[in-house]
Amino acid sequence: MQGIHGGKLPMNTERPAFVWTIAGSDSGGGAGIQADLATIQDLGCHGCSVVTTVTAQSSVAVTLVEPVSAAMLMAQLTTLLSDLPPKAIKIGLLADQTQVALLADWIASFKIHYPSVPVIVDPVMVASCGDALAVDNCQDIKSAAKSALDFKPFKGLIELITPNVLELGRLTHSDVSTKAQFAAAALALSQSLDCSVLAKGGDVSFGCTDILADTHAQTQANAHKSNGWDLELAEDYLVCRQVRASSKLHQNGRFWLASQRVNTRHNHGSGCTLSSAIAAVLAQGFVLQDAVVVAKAYVSQGLSAAIGLGQGPGPLARTGWPNDLSRYAKINLCDGNFISHHLNQHLDVRCDLVATVLSATDQATAQVRIASTPPQNILSHGFKVLDADLGVYPVVSDLTMLEGLLAAGVKTVQLRIKTDISELTTAELAESDLGKSALSRCESGEPELIGSELEAQIQTAIALGKHFNAQLFINDHWQLAIKYHAFGVHLGQEDLAVTDLAAIQAAGLALGISSHSYFELLLAHQYSPSYIALGHIFPTTTKQMPSAPQGLAKLKHYVALLQDHYPLVAIGGIDLTNLAKVKATGVGNIAVVRAITKAKDPLAAFAELSQAWEQCSLSEELAVNHELGAKHE
């Protein structure tokens with residue numbers, strides 16, 4: 001049996017998540033319901049189907065399209081819901097406007113009882129072979145190709161719609177022949193349907209649509225560029241709209257997702273595969289942005305392995321959960337997602353002003369950096385490579401505890417100084433000396449450093465780290481870390497846009513970056529940091545978190561993707577009771593906060609955690625050796 005990572009695994013006895021596909025049947029098996037069910041199962045879920053339309057099609061033609069009756073459509077929905085309620089729903093081919101209206105009414109009722117179940121719409125209009133699929137009552141197939149269904153009944157009921165170039169133009173009644181027009185149309189569609197939009201640009205260079213009919217001619221003139229598009233890439237535009245359970249940084253962001261184009265004619269069912277893959281990943285508890293990047297990598301992987309079966313384009317291969325980092329898209333943040341959030345937070349006095357308040361000059365610098373300099377251009381050589389894995393990595397806020405740990409032989413530690421500002425109300429902030437100086441600095445544009453006590457503590461900590469020859473990371477306060485030559489800096493995602501990463505790199509400091517999802521770890525990867533922190537794994541009370549606990553299953557996925565590229569650090573709620581389970585995911589290191597800082601004897605707690613972690617490593621090594629020995633007998 002193919003496991004979720006693409007390899008052979010023992011039979012999984014856990015009940016999989018149920019994913020519904022509401023779509024048309026493809027008698028050739030390459031697209032529609034058939035492709036959806038194959039994808040859903042390949043990604044570890046159980047697929048259920050509601051057939052909207054029966055098509056007579058092969059890899060070269062669609063010869064007949066017949067909608068099911070309204071009674072049959074509703075009976076399928078009702079019968080399934082009574083026994084196999086979904087964790088996610090994908091909607092594909094709808095035959096006519098009547099089906100759109102019926103399904104919109106049903107979803108409205110469904111959402112009353114299942115408000116958190118995501119619904120993904122793939123507005124299928126034309127098959128890969130070029131024949132139209134949706135028919136409107138008595139219209140014939142060819143005339144229907146010039147019209148489009150009205151999806152406005154779905155407004156406010158769906159989480160995501162995934163049009164390709166042709167579909168986007170028809171849905172918005174707009175010209176999308178340039179990249180800028182394409183992005184503008186995606187934003188307009190998001191606003192009109194009150195949902196997120198993944199506008200797919202993967203077919204933009206093939207010259208198969210009436211909107212982009214001149215693409216091939218342009219390609220002859222310029223091999224790499226056409227109306228703003230890089231034709232060597234498959235570029236999609238993601239417009240997020242109030243994404244549930246997402247970090248505030250990204251829940252309304254806009255992003256270009258660029259993957260290397262796979263030049264193959266065997267792309268039958270690629271749109272069906274993408275949308276059903278998104279649904280399958282969502283059903284397993286990932287946020288929308290995660291589902292999109294995983295599904296896009298899955299499609300890229302499937303296109304690369306696709307083969308022809310008939311005379312026309314073949315279907316995508318089903319290759320399991322994508323763990324090849326090269327298949328994942330590069331993410332280009334648009335419209336200052338990070339900086340906009342950060343400047344909004346600046347107006348909220350409950351944020352950590354020491355770390356986040358920016359002068360007018362800082363704001364302008366950050367805006368320019370976001371607009372014009374992607375991370376891969378800033379940091380072409382990456383950050384310092386760590387000499388060794390981190391093991392058990394304490395995160396402390398107290399200098400006395402820090403010195404004790406260093407004296408006891410701890411070789412990697414992080415100083416995360418919390419200020420009272422993060423917990424203060426407006427009135428309390430006004431009475432706080434640190435708050436007063438921060439607010440005064442904000443108004444007067446004084447230099448970045450705030451608070452002599454803070455500076456003195458960080459200077460002392462860095463000196464201690466050097467004295468004990470340890471890898472000391474300073475959390476957030478990167479200017480002070482550079483000034484006093486710390487070993488490294490640790491940053492959260494929200495800090496990336498307003499931090500001079502090039503200055504950190506030029507100073508020779510190591511960099512650790514936090515991540516809370518696939519999307520964020522891919523963003524972290526684009527900066528080539530020294531390590532990536534993955535979390536929070538379990539519920540934690542040490543700080544307010546923007547996302548839900550990731551859990552062990554997600555951690556295992558992250559490790560499978562990144563373990564060959566970076567030291568990985570699991571963080572969040574880890575202690576002796578769950579340490580072995582964390583180790584079983586394959587992660588090499590753990591960051592520990594509460595299990596040490598709240599212990600009666602922090603040094604003894606660290607020693608016990610380190611011993612337990614080493615024993616887990618030894619047990620794992622013995623198990624691997626035993627397995628290898630058994631194979632050679």
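In this predicted model, the axes of helix H2 (residues 70-83) and helix H3 (residues 97-113) come within 11 Å and cross at roughly 20°. That angle makes H2 roughly parallel to H3, since angles under 35 degrees count as roughly parallel, over 145 as roughly antiparallel, 65 to 115 as roughly perpendicular and the rest as oblique. The axes are lines fitted to C-alpha atoms, for helices over the stretch in contact, and the angles run from 0 to 180 degrees between N-to-C directions. Helices (H or I, at least four residues) and strands (E, at least two) are DSSP runs, numbered from the N terminus.

Residues are numbered from 1 along each chain as its sequence is written. Because the model is predicted, local features need pLDDT of at least 70 and side-chain atom pairs count only at pLDDT 80 or more, while totals for chains, interfaces and linings use all residues; side-chain values use heavy atoms, with hydrogens and water left out.

**Two helix pairs**

The crossing of H2 and H3 is right-handed, the term for a near helix turned clockwise from the far one by less than a right angle, with anticlockwise giving left-handed. On the H2 side, Ala70, Leu73, Met74, Leu77 and Leu81 meet Gln99, Leu102, Leu103, Trp106 and Phe110 of H3, where contact means heavy atoms within 4.5 Å. Sorted by class, this contact has 9 nonpolar, 1 polar and no charged residues; Ala, Val, Leu, Ile, Met, Phe, Trp, Tyr, Cys and Pro count as nonpolar, Asp, Glu, Lys and Arg as charged, and the others, Gly among them, as polar.

A second pair is formed by helix H14 (residues 399-407) and helix H17 (residues 452-467), which pack at an angle of about 5° with their axes 10 Å apart, and H14 and H17 are therefore roughly parallel to each other. Here Leu399, Leu402, Glu403 and Leu406 of H14 meet Gln457, Thr460, Ala461, Leu464 and Gly465 of H17, and by class the contact of H14 with H17 has 5 nonpolar, 3 polar and 1 charged residues.

**The chain as a whole**

The secondary structure of the chain comes to 24 helices and 20 strands. Of its 633 residues, 55% are buried, where buried means under 20% relative accessible area, exposed over 50%, and partly exposed in between (1.4 Å probe, protein chains only). Among contacts in the chain with a separation of 6 or more, 68% are between residues 24 or more positions apart.

**Individual residues**

The table gives the place and accessibility of several residues discussed below.

| Residue | Place | Relative accessible area |
|---|---|---|
| Ile91 | strand E4 (residues 88-91) | 0%, buried |
| Thr412 | strand E14 (residues 412-415) | 4%, buried |
| Ser300 | helix H9 (residues 288-304) | 8%, buried |
| Ser58 | loop between strand E2 (46-57) and strand E3 (62-67) | 32%, partly exposed |
| Ala245 | loop between strand E10 (233-239) and strand E11 (254-260) | 49%, partly exposed |
| His173 | loop between helix H5 (165-172) and helix H6 (179-193) | 72%, exposed |

Not counting residues up to four places away in sequence, Ile91 touches Ile22, Leu103, Ile107, Val119, Ile120, Val121, Asp122 and Phe154; Leu103 is also one of the H3 residues that meet H2. Ile91 and Ile158 are 67 residues apart in sequence, and their C-alpha atoms are 9.9 Å apart in space.

With neighbours within four places in sequence left aside, Thr412 is in contact with Leu390, Val392, Tyr393, Pro394, Gln471 and Phe473. The side chains of Thr412 and Gln471 are joined by a polar contact of 2.9 Å, that is, a pair of N or O atoms within 3.5 Å of which, within protein, one must be able to donate a hydrogen and the other to accept it, residues adjacent in sequence counting only if both atoms are side-chain atoms. Ser300, with neighbours within four places in sequence likewise left aside, is in contact with Val262 and Arg327.

A polar atom of the Ser58 side chain lies 3.2 Å from the backbone nitrogen of Val60, and the C-alpha atoms of Ser58 and Gly30, 28 residues apart along the chain, are separated by 8.4 Å.

**Backbone geometry**

Most residues other than glycine have a negative phi, and most peptide bonds are trans. His173, however, has a positive phi near 50°, and Ala245 has a positive phi of about 65° although it is not a glycine. A cis peptide bond, with omega about -10°, joins Gly535 and His536, and His536 is placed in the loop between strand E18 (531-535) and helix H21 (551-562).
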